[in-house]
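Colleague: Before I read any numbers, could you take me through this model and show how each term is justified?

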Amino acid sequence: MKKGVAVNLEDVWIRFGDFVAVREANVNINGGEFFSFLGPSGCGKTTILRAVSGFLEPSQGRVMIGGKDMVGFGPNKRPTALIFQNLALFPLMKVWENITFSLEVKGASKKDRRKRADELLEMIALSDQSEKLPSELSGGQKQRVAIARALCAQPDVLLLDEPLSALDLKLRQHMRTELREIQRRVGITFIYITHDQGEALTMSDSVAVMRAGIIDQVAEGQAIYDDPATAFVASFVGENNVMRGKIASLDGKQALIATNRTGELIARIASSAQGSMKVGDDAMMFVRPEALRIAKDTSEAKNRLSAKVRHEEFEGQSYNVFLDGDAGKELKMSLINVGQQRESAQGQNLTLEYSPDQAVVLPAGELASE
Amino acid sequence: MDIRKIFADYYRRNGTGLGTFLLIAVFFWVVVLIILPQLSMLDFSFRHHLPPPEMGGPKDTYTIEHYKYLVFGAKGAGSAYNVVDLGVFVRTLVAAIFVTIVDLILCYPLAYYLGQTKGGGFTRVLVLLLIIPYWVNEILRAFAFRIIFGDSGLINEVLLNTGTIAQPIDFIRANIALYAGLSYAYILLMIFPIYNVIESLDRNQIEAARDMGAPWWRIHWRIVIPYAKPGISSGCTMVFMLSAGALAAPQILGGPSSLWFTQIIYQWFNSGGNWPRGAAFAIVLLVTCIIIVLSLMRAFKVKMGDIGK
């Protein structure tokens, strides 16, 4: 097993003409870590990956792999291997030739290549497919061949550019587990690019959330979900209800926010905003659908709000109730299905409550577009 | 499957109008324009050279004298074989192969560049620049080459004036003008098939190979060329066939001492007035070219179906 190698981006800027694709990226990825860049399409995450793999040089700043500045090293000279979004298997080479192409480049004998191919094919459980062409394989098998091909070069860092996006849901979920398993086994650093927050949260040790070339937050999955650093992160990762307003008062780690619609509500100030928010600032309060519940006590309180039910839906593991929300938007509440009987509340006014710890206040900012 | 069912299926798929048109057009193209004329040439090539009144008379029998003539020459000639005609024949084929190789070497990088840069505007201008010269007719282009390569032509003038050479080089006698002219004439037929194939090559494959440490030549050897093989063979086939069968360029650009085999054929048909002999020579050229193409295709493991891609 290889010891993982750290990857550091130091003040990396990448420009294409006037367009800034990546702005001031500072990221430290520990050796042996499963690290994800998560963001909507066009946010610059693939550009960062290309800068790490060497297909493009940053306009400014440094890419360090294992403490070594990679400037001037082309993709064929870096200890990285890239798995492409469309996998880019060589269609005219057999599976085993595909897998051992990097050894062929190094001039390894056919016997050695065969041996290595057999080892890798066994690892991905495709030993009987070695003589086939990629076009004869299923989607998941191709996926595994691409992983084996990348690992064959024994890279220090494996870069994955949304490799699961072409698979159907079931297979995608299965491959998540498998990828994570492979990463644990080989122990090298994985850098994973995705727009799918489910993938990022389930597989990664750390996640960087990107928006329009800017890295908004780097943290563990749970911190990203529970303690977002910006309004964008709060709205992009998972579902969230947003309420706009102004800070009415501050009290330690909590704030009262005068919302445009429901009066004053209390919430925890996000760690990133603590100390920087003042009374009167434009703010946004986020509360997740699963943090809302129907209040038994309907008297007014700072953690209660009432709204009219627009419609309801049953999703299996939960009932979703949609109510009149802020600025014409819907407010969503998810009630876990634990077998309770529920009567439809369509058209009624409901009083909802939440625990102030589970609602977050952040400075007003750009939201992820749906 | 019986014929009736095949036809019924065919008409159901294409409709009566289009189906009939396709059948007639393809029949006309293949049978009337290709097979019948070639069959009549084949028939000609086995007949005696007779004056018109004797045609169809008792003397008009089948013979292989013209094929014999190509191999052994006229009876009572000095040497045992027809050294002159066979020499020209072999030289023509070798020269056509040479022209094909030159075109391939010139066109592959260009086709690769055109196919892989999704440059848009610039690529379109390049393609246009390649096509526009073909608006000029073949004879004019050949004469233009004669002027450029002439004793006092552009190339000699430049070389003389810069002091590179003391005497003008006779490009025409050395056949350089001819090879250049032929290579130039069929460049598009080489570029476009290769370009078409390479354009559909996924760029990620090249990057993947590069990422795995492959130098540029290995990327071409292992990824691009195998992928482009159908285009390359289609281009080579066309350039080879057309060069071997070219007439205008050798007529205008050929040196005084070197004949192209087509010129000999032309002479038998035209000034010689001996159609059967011309037909026999033409058939030999055609069959030899087809054999060369088929054996090269076999050697490079290209399937017939790939050529049509």
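**Reading a predicted two-chain model**

Modeller: Gladly, and please keep in mind that this is a predicted model. In chain A, of the contacts with a separation of 6 or more, 67% are between residues 24 or more positions apart.

Colleague: What makes two residues of chain A a contact in that percentage?

Modeller: Two residues are in contact if their C-beta atoms lie within 7 Å, and 67% of the chain A contacts with a separation of 6 or more link residues 24 or more positions apart. For chain B, 69% of the contacts between residues at least 6 apart in sequence join residues at least 24 apart.

Colleague: What share of each chain is called buried, and what makes a residue count that way?

Modeller: A residue is buried if 20 or more other C-beta atoms lie within 10 Å of its own. By that cut-off, 41% of the 370 residues of chain A count as buried, while in chain B, which has 309 residues, the buried share is 28%.

Colleague: Which secondary structure elements do the two chains have?

Modeller: Chain A has nine helices and 20 strands, whereas chain B has 15 helices and zero strands.

Colleague: How do you know that H11(B) is not a straight helix?

Modeller: The expected span is 1.5 Å times one less than the number of residues, so H11(B), with 29 residues, would reach 42 Å if it were straight, yet its end C-alpha atoms are only 34 Å apart. There is also a bend of about 60° at B:Lys229, with a proline, B:Pro230, following within four residues.

Colleague: Where does chain B touch chain A, and which element gives the most residues?

Modeller: Altogether 15 residues of chain B are in contact with 16 residues of chain A. On the side of chain B, the elements giving two or more residues are helix H10 (203-211) and helix H11 (216-244), and H10(B) gives the most, with seven residues. Sorted by class, that side of chain B has seven nonpolar, three polar and five charged residues.

Colleague: How is each chain divided into domains, and how far apart are their centres?

Modeller: Chain A is divided into domain 1 (7-226) and domain 2 (239-363), and the C-alpha centres of these two domains lie 39 Å apart. Chain B is divided into domain 1 (1-39) and domain 2 (67-307), with 34 Å separating their centres, taken over C-alpha atoms.

Definitions and conventions. Residues numbered from 1 in each chain as written. Chains lettered and ligands numbered in written order. Predicted model: local features only at pLDDT ≥ 70, side-chain atom pairs only at ≥ 80, totals over all residues. Nonpolar A, V, L, I, M, F, W, Y, C, P; charged D, E, K, R; others polar. Domains from an automatic or database assignment. Buried ≥ 20, exposed ≤ 12 C-beta atoms within 10 Å, placed from the backbone. Bend = angle between axes of the 7 residues up to and from the residue.
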